[in-house]
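Hello,

Here is the structure I promised to pass on to you. Please open it first, and then read on for my notes.

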Amino acid sequence: MTDIKQPENLLSQLELLLGKECVLTGDALRERASSYWDSSPMQGIALLKPHNTEQLSAAIKLCHQFGQTVVTHGGLTGCVEGATVNNQDVIISLEKMNSIEEIDAVGSTVIVQAGVTLQYLQEAVSEQGLYFPLDLGARGSCTIGGNVATNAGGINVIRYGMMRDQVLGLEVVLADGTIMSSMNRMLKNNAGYDLKQLFIGTEGTLGIVTRVSLKLQQQTRSRNTCLVAVDDFASVTKLLSRLQGDLGAALNAYEVMWGDYFHAVTEPGWHRAPMGRDYAFYVLLEAAGADAEGDGPRFIAAMESAMEAGLVVDAIIPKSESERRALWDIREDFDAIVKPQPTFLYDVSLPIKYMEDYVAAVKQGLDELWPQSKCYVMGHMGDGNLHLFITPNSAGEDLHGQSDEQVYKPLEKYAGSISAEHGIGTEKKSWLLKNRSIEELDLMKVLKRALDPLNILNRGKIFDV
């Protein structure tokens, strides 16, 4: 093996391979922020910007020969420190691999390169009368490769499932530079192992996703949105069940905000509150269907029925797209909450029936530990996913670790997961055994050693080998 203590030899070969303009080092590298959440200068030996899969394959093959660790970067909006680097890592950015190669309007599929942003894909297929249903607040910066690597979720999971459910096939560069192409376009293919599943949600630890074949939906002809206020959590769950019965599969989003979250993001200077700010819960819900004329009246009838049943105490239906967007901004733009530092963001899942007790337990623990702390809660409740924002408002050491204890320990009682959609990264890996058995973790490590025996891909992410 080539001497791993001579990175300058590796860099010179990478520059010959990719061109100097695609190998960023020194000041050019440090001009980049470490992530969306961390504005400090980016570290690393170099950042590589390959133009295609073949260039990436050749670059990874060189890194493998040198025993060089590699970290893959997408939109850098991840929340679990899954793209962290040190000054000994080579960074792979797929920002130049950002083309939509083919949209098949007949088969309702699309072939995209991994560097394509989610919003760009959504807009491109929309022009063909199609719809890509994965959607999340970071749509303008997150990439399809990152969505695959983290098995992203978002606001439409209740109807369409997570990223795993959208992927038909993919192409991956393995740790030794081998290109594994499994660009299936069919909904049904039972020919042997479904190898794409090895790479979805594994956070770049087994291979680097370069191209993806995705399933699309036909555009719906109607979209109806409503923000409602609810007095208690029992009514929140009853409303969900009632709407699932009244609206069926048309219900694609059911986003719940605890009252303190809504109150905080509608403080003066932030979002305008479209209704009273002191209710116990707020639900932002949306339904989309194929009946442009009938869906609207059906939606209004369902909401009126819920109000008559006493499940809803106030409601607002937007009259324009700008009003609808303003409602979604209340749910998606939480800058008012994260402005005080430090604030820790959590992403957990658990059965819906336990959510109220779980949140109460977390808040009680925080009140006892840090009486001045704040805990704001919201999430994709329809699919069992909650997000918590915790601000200690206290001094001391290891605030993050103490906050983790308050969030994750009560979760065990309710058989919940420490990660619903954000992954594990480095931030949560010490808690992984709370969700996975030793046998499961051992099998994960067997797969890691088999596909990346030198442990160069995203080393230290999810678990240590």
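Helices, in the sense used here, are DSSP runs of H or I with at least four residues, and they are numbered from the N terminus. With that in mind, helix 14 covers residues 438-451, and Val-446 is found there. Before going further, please remember that this is a predicted model.

**A nonpolar patch**

Val-446 joins Leu-443 and Leu-447 in making a nonpolar patch of about 250 Å² on the surface. A residue needs over 30% relative accessible area to belong to such a patch. Val-446 has a relative accessible area of 47%, so it counts as partly exposed.

**Salt bridges**

The whole structure holds 24 salt bridges. Let me walk you through a few of them.

One is between Asp-260 and Lys-363, whose closest N and O atoms are 2.7 Å apart. This pair ties together distant parts of the chain: Asp-260 sits in helix 8 (residues 259-265) and Lys-363 in helix 12 (residues 355-369), with the two 103 residues apart. Both partners are partly exposed, Asp-260 with a relative accessible area of 26% and Lys-363 with 22%.

Another salt bridge brings together the side chains of Glu-412 and Lys-434, at 3.8 Å from N to O. Here too, distant parts of the chain are linked: Glu-412 belongs to helix 13 (residues 399-413), while Lys-434 lies in the loop between helix 13 and helix 14, 22 residues apart. Glu-412 is partly exposed at 40% relative accessible area, and Lys-434 is partly exposed at 46%.

What about Asp-452 and Lys-448: are they buried or exposed? Asp-452 has a relative accessible area of 2%, so it is buried, and Lys-448 is buried as well, with 3%. These two form a salt bridge in which the closest N and O atoms are 2.7 Å apart. Elsewhere, Asp-135, Arg-139, Arg-325, Asp-329 and Glu-332 are joined into one network by salt bridges that share partners.

**Strand 18 and its neighbours**

Next, have a look at strand 18 (residues 385-391), where seven of the seven residues are buried. Asn-385, His-387, Phe-389 and Thr-391 point one way from the strand, whereas Leu-386, Leu-388 and Ile-390 point the other way.

Which strands pair with strand 18? Strand 16 (residues 344-349) does so in the antiparallel sense, over six bridges, and within this pairing Tyr-346 has Leu-388 as its bridge partner in strand 18. Strand 17 (residues 374-379) also runs antiparallel to strand 18 and is joined to it by five bridges. For Tyr-376, the bridge partner in strand 18 is Phe-389. Strand 17 and strand 18 form a hairpin with five residues between the strands, and Gly-384 in this hairpin takes a positive phi near 80°.

**A buried threonine**

My last stop is Thr-210, which you will find in strand 10 (residues 208-215). Buried means under 20% relative accessible area. Thr-210 is therefore buried, because its relative accessibility is 0%. Its side chain makes a polar contact with the side chain of Thr-53, at 3.4 Å. Leaving aside residues up to four places away in sequence, Thr-210 touches a set of residues that includes Leu-56, Met-97, Val-112, Gln-113 and Glu-171.

I hope these notes help you find your way around.

Best wishes

Definitions and conventions: Residues are numbered from 1 along each chain as its sequence is written. This is a predicted model: local features need pLDDT of at least 70, side-chain atom pairs count only at pLDDT 80 or more; totals for chains, interfaces and linings use all residues. Side-chain values use heavy atoms; hydrogens and water are left out. Patches are made of residues with over 30% relative accessible area and no salt bridge: like charges are joined within 9 Å, nonpolar side chains (Val, Leu, Ile, Met, Phe, Trp, Tyr) within 5 Å. Accessible areas come from the Shrake-Rupley method with a 1.4 Å probe; for residues, only the protein chains shown count as cover. A salt bridge is a side-chain nitrogen of Lys or Arg within 4 Å of a carboxyl oxygen of Asp or Glu. Buried means under 20% relative accessible area, exposed over 50%, partly exposed in between (1.4 Å probe, protein chains only). A polar contact is a pair of N or O atoms within 3.5 Å; within protein, one must be able to donate a hydrogen and the other to accept it, and residues adjacent in sequence count only if both atoms are side-chain atoms. Contact means heavy atoms within 4.5 Å. Two strands pair if DSSP finds at least two bridges between them.
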